[in-house]
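Hello,

Here is the structure I promised to pass on to you. Have a look at it first, and then read on for what turned up.

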Amino acid sequence: MSKNAKVAAGGVAAGLILLIWLPWWAALLIVLGVPAAAYLALDPSQRRRLRRVSRREIGR
């Protein structure tokens, strides 16, 4: 299993656990808010590099 697949599986598992313990809107806020906050915490040069790598992998 690749590293990205492991991260995705862990995210799905964490999301399901959050849905069981929290109301659906709170779990959704956490699942969407954490990656958004992490992206906004990057420097502008890191954001550009991340976008460039993402586009390169999409066009693969």
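Helix H2 gives five residues to the nonpolar patch, the largest share. The patch lies on the surface of this predicted model and is formed by Val 12, Leu 16, Leu 19, Trp 24, Trp 25, Leu 28, Val 31 and Leu 32. Together these residues have about 880 Å² of accessible area. Two elements, helix H1 (3-21) and H2, each give two or more residues to the nonpolar patch. Leu 16, for one, sits in helix H1.

There is also a charged patch. On the surface, Arg 48, Arg 49, Arg 51, Arg 52 and Arg 55 gather into a patch of positive charge. One of them, Arg 51, has its place in helix H3 (residues 44-58). Is Arg 51 buried or partly exposed? With a relative accessible area of 41%, Arg 51 counts as partly exposed, because that class runs between the 20% limit for buried and the 50% limit for exposed.

Pro 44 lies in helix H3 as well. Its relative accessible area is 54%, so Pro 44 is exposed, the cut-off being over 50%. If you want a distance to check on screen, try Pro 44 and Ile 20: their C-alpha atoms are separated by 36 Å, and the two residues are 24 apart along the chain.

A word on confidence before you dig in. The pLDDT of the protein averages 84, and 92% of the residues score at least 70. Which helix has the lowest confidence, and which the highest? H3 is lowest, at a mean of 82, while helix H2 (residues 24-40) is highest, at 86. Predicted coordinates should not be read in detail where pLDDT is low.

Happy to talk it over whenever suits you.

Best wishes

Terms used: Residues numbered from 1 in each chain as written. Predicted model: local features only at pLDDT ≥ 70, side-chain atom pairs only at ≥ 80, totals over all residues. Heavy atoms only, no water. Patch = residues over 30% accessible without salt bridge, like charges linked within 9 Å, V, L, I, M, F, W, Y side chains within 5 Å. Areas by Shrake-Rupley, 256 points an atom, 1.4 Å probe, with all protein chains shown as cover. Salt bridge = Lys/Arg side-chain N within 4 Å of Asp/Glu carboxyl O. Lys, Arg positive; Asp, Glu negative; His and termini not counted. Charge placed at Lys NZ, Arg CZ, Asp CG, Glu CD. Helix = DSSP H or I, 4+ residues; strand = E, 2+ residues; numbered from the N terminus. Buried < 20%, exposed > 50% of the residue type's maximum accessible area, 1.4 Å probe, protein only. pLDDT = per-residue confidence, 0-100.
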